[in-house]
Amino acid sequence: MARVAAVERGRAPIDVAGTLAWLGDRTVAGLDAYEDGRYARTTALGRGAGWIRLRPSGASGVEVEAWSESALALARPRVRHLLGLDDDPRPWLAAFAGDPVLGPRAAAAPGLRMPGSWDPWEMCARAVLGQLVSVQAARTLTRRLAERHGRPLRGGGIVFPDAATVAAGDLDGLGLPNARRDALRAIATLVASGGVDLSPGADPDAAHAALVALKGIGPWTAMYVRMRAIRDLDAFPAADLGVLVALADANGRRPTEAEARRRAEPWRPYRGVATMHLWS
């Protein structure tokens, strides 16, 4: 089947290659892949399904390749959300410039973006599966879920199962503790029923409240969903270990969660972007 491609461009400075590499560190076999600077992922778009492939193009662009013109048209806004192509970095670079911690980091990586997600529900599931485990363990759990309930593609690959399928599916034997299994089913049920809006531009506070109301979904998971699914640029996981380590003083003392929140006040409304710099 002939494939088609188009180039999407972002606002400079933007490090498309760096964002693709960041996504590449979190790939799940069968769902997405990263090799030689190129990122690819499976998806269902319209009436078809297959692989979308991304690679940097020039200083501020990304080439998007799909299996048909209609799939390409549907993929392009998702790519813009995933890579933050519509962000204007100038306000946050100015806001971070005088900060003793963020200033040097932002100056060294002015094109860093806060990655979004390809699919909000899939990001929810990955966030829950990644609770209290390593990145590698989260990738293994996600692969098991996809292999059991996903849609196999002809020629290789799996489309991630939708929320309704997971809500009704057998989740035993995946290697999940009972509490996390139940939390995954609860969030799948919520998403499948339309009880939470995670679309780009959704109310992040309303989404956060709906998520943390579920047993087993804590503030960190809800905040990560705000960052990646909704792309709330001001989302701030104040209790995150990586954030607290980055904000430690010269003696290695880490701030408390409350202290981290106060420390981050000058970064509004870009605390989510600041978090990416702290994690880097």
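How many salt bridges does the count come to in this structure? In this predicted model, the count comes to 25 salt bridges, and several of them are followed below, together with the strands, the nonpolar core and some backbone features.

One group of these contacts forms a network, in which salt bridges link Glu8, Arg76, Arg80 and Asp86. Within that group, the side chains of Arg80 and Asp86 meet with an N to O distance of 2.8 Å. The two partners differ in their surroundings, because Arg80, with a relative accessible area of 18%, falls under the 20% limit and counts as buried, whereas Asp86 is partly exposed at 49% relative accessibility.

A salt bridge also joins Arg11 to Asp88, where the closest N and O atoms are 3.5 Å apart. This pair links distant parts of the chain, 77 residues apart: Arg11 belongs to the loop between strand E1 (4–9) and helix H1 (16–24), while Asp88 belongs to the loop between helix H2 (69–83) and helix H3 (90–96). Arg11 is partly exposed, with a relative accessible area of 42%, and Asp88 is likewise partly exposed, at 21%. The loop between E1 and H1 also holds Pro13, which is joined to Ala12 by a cis peptide bond with omega of about -5 degrees.

Further along the chain, Arg226 forms a salt bridge with Asp205, the closest N and O atoms lying 3.2 Å apart. Here the link runs between helix H10 (residues 219–230), which carries Arg226, and helix H9 (residues 204–212), which carries Asp205, across a separation of 21 residues. Arg226 is buried, with a relative accessible area of 10%, but Asp205 is exposed, with a relative accessible area of 52%.

The strands E3, E4 and E5 can be taken in turn. Strand E3 (residues 38–45) pairs with strand E4 (residues 48–57) in the antiparallel sense over seven bridges, and among the paired positions Thr43 has Gly50 in E4 as its bridge partner. The hairpin of E3 and E4 has two residues between the strands, and Gly46 in the turn has a positive phi of about 60 degrees. E4 in turn runs antiparallel to strand E5 (residues 61–66), to which five bridges join it, with Arg53 standing opposite Glu65 in E5. The hairpin of E4 and E5 has three residues between the strands, and there Gly58 takes a positive phi near 70 degrees.

Positive phi values also occur in residues other than glycine. Asp36, in the loop between strand E2 (32–35) and E3, has a positive phi of about 55 degrees and is exposed, with a relative accessible area of 70%. Leu132, in the loop between helix H5 (120–129) and helix H6 (135–149), has a phi near 60 degrees; despite being a leucine, this residue is exposed, with a relative accessible area of 86%.

A different leucine belongs to the interior. The largest nonpolar core has 86 residues, of which Trp121 and Leu184 touch the most other members. When residues up to four places away in sequence are not counted, Leu184 touches Trp121, Ala125, Val128, Leu129, Leu145, Val166, Leu171 and Leu176.

Another cis peptide bond leads from Arg268 to Pro269, with omega near 0 degrees, and Pro269 is found in the loop between helix H12 (257–264) and helix H13 (271–279).

Definitions and conventions
Residues numbered from 1 in each chain as written. Predicted model: local features only at pLDDT ≥ 70, side-chain atom pairs only at ≥ 80, totals over all residues. Heavy atoms only, no water. Core = buried A, V, L, I, M, F, W, Y, C linked by side-chain atoms within 4.5 Å. Buried < 20%, exposed > 50% of the residue type's maximum accessible area, 1.4 Å probe, protein only. Contact = heavy atoms within 4.5 Å. Pairing = 2+ DSSP bridges. Helix = DSSP H or I, 4+ residues; strand = E, 2+ residues; numbered from the N terminus. Salt bridge = Lys/Arg side-chain N within 4 Å of Asp/Glu carboxyl O.
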